[in-house]
Amino acid sequence: MVGKIVKAISGFYYVDVEADGIYQCRAKGIFRNRKQSPLIGDNVKFEITHVGDREGNVTEILPRRNELVRPTVSNIDQAFIVFSVTHPEPNLNLLDRFLVAVTMNDIEAIVCFNKTDLLDDAKIKEYCDIYELAGYKTMSISAYEDESFDEIKELLKGKTTVFAGPSGVGKSSIINLIQEHTYMEIGKVSDKIKRGKHTTRHANLIPIDINSYVVDTPGFSSLSLDNLNLDDLKLHYIEFAEFEPECKFGGCNHLNEPKCGVKEAIKVNKISESRYKSYVHIYEELKDIRRW
Ligand SMILES: Nc1nc2c(ncn2[C@@H]2O[C@H](COP(=O)(O)OP(=O)(O)OP(=O)(O)O)[C@@H](O)[C@H]2O)c(=O)[nH]1
Ligand SMILES: [Mg+2]
Ligand SMILES: [Zn+2]
């Protein structure tokens, strides 16, 4: 049998099998002597130990495409980076950090501004423009409006999507909206996350369609990029690449170097100031860490 671990609780792994359902599994013995242990998101082989009770034993972890640390989930296809347009106001520096972290993990990022019901369209557009200009798929939604589901549903099909972002921006509310629609449209039952103030503590994969899962994560207010090589930061600002050929110096870090294509692009509004500011900020911070 092959399935995907969607949940782990005190030594039990809950494995979802396509068109069959959940099996409650142990992972006896075989992993004890290896460094690897099963993670949520893993595709695994298992043998059934009890048919009626739908119990099994995991025997093998199939190769992982990637592995996130916060939360510990594997095989993520894409990340919805959720920030609210207000309440709380978006911290674009933190948003850019998320984007760097996501790119580093070879995960596609989608920038999602929530709570559009609380701010006028012109201001919302300013935020979206920054990330569209950078080349990210960007959307603005409200978890309180049903139509928002139409905007995101195509993007979720056949993928495992992690929802990440600071606390209080509406990640759980959006997932709640998705689950309501999933239930209405295909009648698939999944664990329901309670609406509102229930802060998310640990990660589960929530099945929303065939081979489609979403992962809610607890919000956090900072993100360190300690393991990032200083000179690699620029590679994760995806919009810089187009202008690098105009830089006079090979390996230009787009800081104080003369004749820099990236800085020229900012002057003609082809790269946004906000993105460049966060780049410099993160660069300086990484440099300080290296000094120690
Ligand atoms: N006005 C408005 N409020 C929203 C929207 N989405 C969520 N909220 C409210 O914002 C608050 C926080 O929402 P949550 O969904 O719990 O936020 P979260 O991102 O999951 O927060 P953590 O789990 O702490 O990381 C709740 O009171 C929601 O009702 C929205 O689109 N518009
Ligand atoms: Mg939450
Ligand atoms: Zn440059």
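Cys252 and Cys260 are both buried, and they make a good way into this predicted model. Each of the two gives its SG atom to the zinc ion (ligand 3). Besides the metal site, the points below take in the surroundings of ligand 1 and some backbone features, among them a cis peptide bond from His87 to Pro88.

**The zinc site**

- Cys247 (SG), Cys252 (SG), His254 (ND1) and Cys260 (SG) are the protein donors of the zinc ion (ligand 3), at 2.1 to 2.4 Å from it.
- Along the chain, these donors are spaced as C-x4-C-x1-H-x5-C.
- The geometry of the zinc site is tetrahedral, and the angles among the four donor atoms run from 103 to 115 degrees.
- For comparison, the ideal angle for four tetrahedral donors at a metal is 109.5 degrees.

**His254, a donor with a positive phi**

- His254 sits in the loop between strand S13 (212–215) and helix H5 (261–267).
- Although His254 is not a glycine, its phi is positive, at about 60 degrees.
- His254 counts as buried because its relative accessible area is 0%, and buried means under 20%.

**The surroundings of ligand 1**

- There are 20 residues around ligand 1, and Tyr144, Ser167, Lys171, Ser173 and Gly219 come nearest.
- By class, this shell is made up of 11 polar, six nonpolar and three charged residues.
- Helix H4 (residues 171–186) contributes three residues, the most to the shell.
- In the side chain of Lys171, an N or O atom lies 2.8 Å from an oxygen atom of ligand 1.
- The side chain of Ser142 likewise has an N or O atom 3.2 Å from a ligand 1 oxygen.
- Val169 takes part through its backbone, where a polar atom is 3.3 Å from an oxygen atom of ligand 1.
- On its own, ligand 1 has 650 Å² of accessible area, and the protein covers 87% of this.

**Two more backbone points**

- The cis peptide bond from His87 to Pro88 has an omega near -5 degrees.
- Pro88 belongs to the loop between strand S8 (78–84) and helix H1 (92–104).
- Asp106 is another residue other than glycine with a positive phi, here near 60 degrees.
- The loop that holds Asp106 runs between H1 and strand S9 (108–114).
- Asp106 counts as exposed because its relative accessible area is 52%, and exposed means over 50%.
- So the two positive-phi residues described here sit in opposite settings: His254 is buried, whereas Asp106 is exposed.

Terms used
Residues numbered from 1 in each chain as written. Chains lettered and ligands numbered in written order. Predicted model: local features only at pLDDT ≥ 70, side-chain atom pairs only at ≥ 80, totals over all residues. Heavy atoms only, no water. Near = heavy atom within 4 Å. Polar contact = N/O pair within 3.5 Å; in protein donor to acceptor, adjacent residues only side chain to side chain. Areas by Shrake-Rupley, 256 points an atom, 1.4 Å probe, with all protein chains shown as cover. Helix = DSSP H or I, 4+ residues; strand = E, 2+ residues; numbered from the N terminus. Nonpolar A, V, L, I, M, F, W, Y, C, P; charged D, E, K, R; others polar. Donors = N, O, S within 2.8 Å, 3.2 Å for Na, K, Ca; no water. Tetrahedral: all angles 85-135°; square planar, octahedral: opposite > 155°, others 65-115°. Buried < 20%, exposed > 50% of the residue type's maximum accessible area, 1.4 Å probe, protein only.
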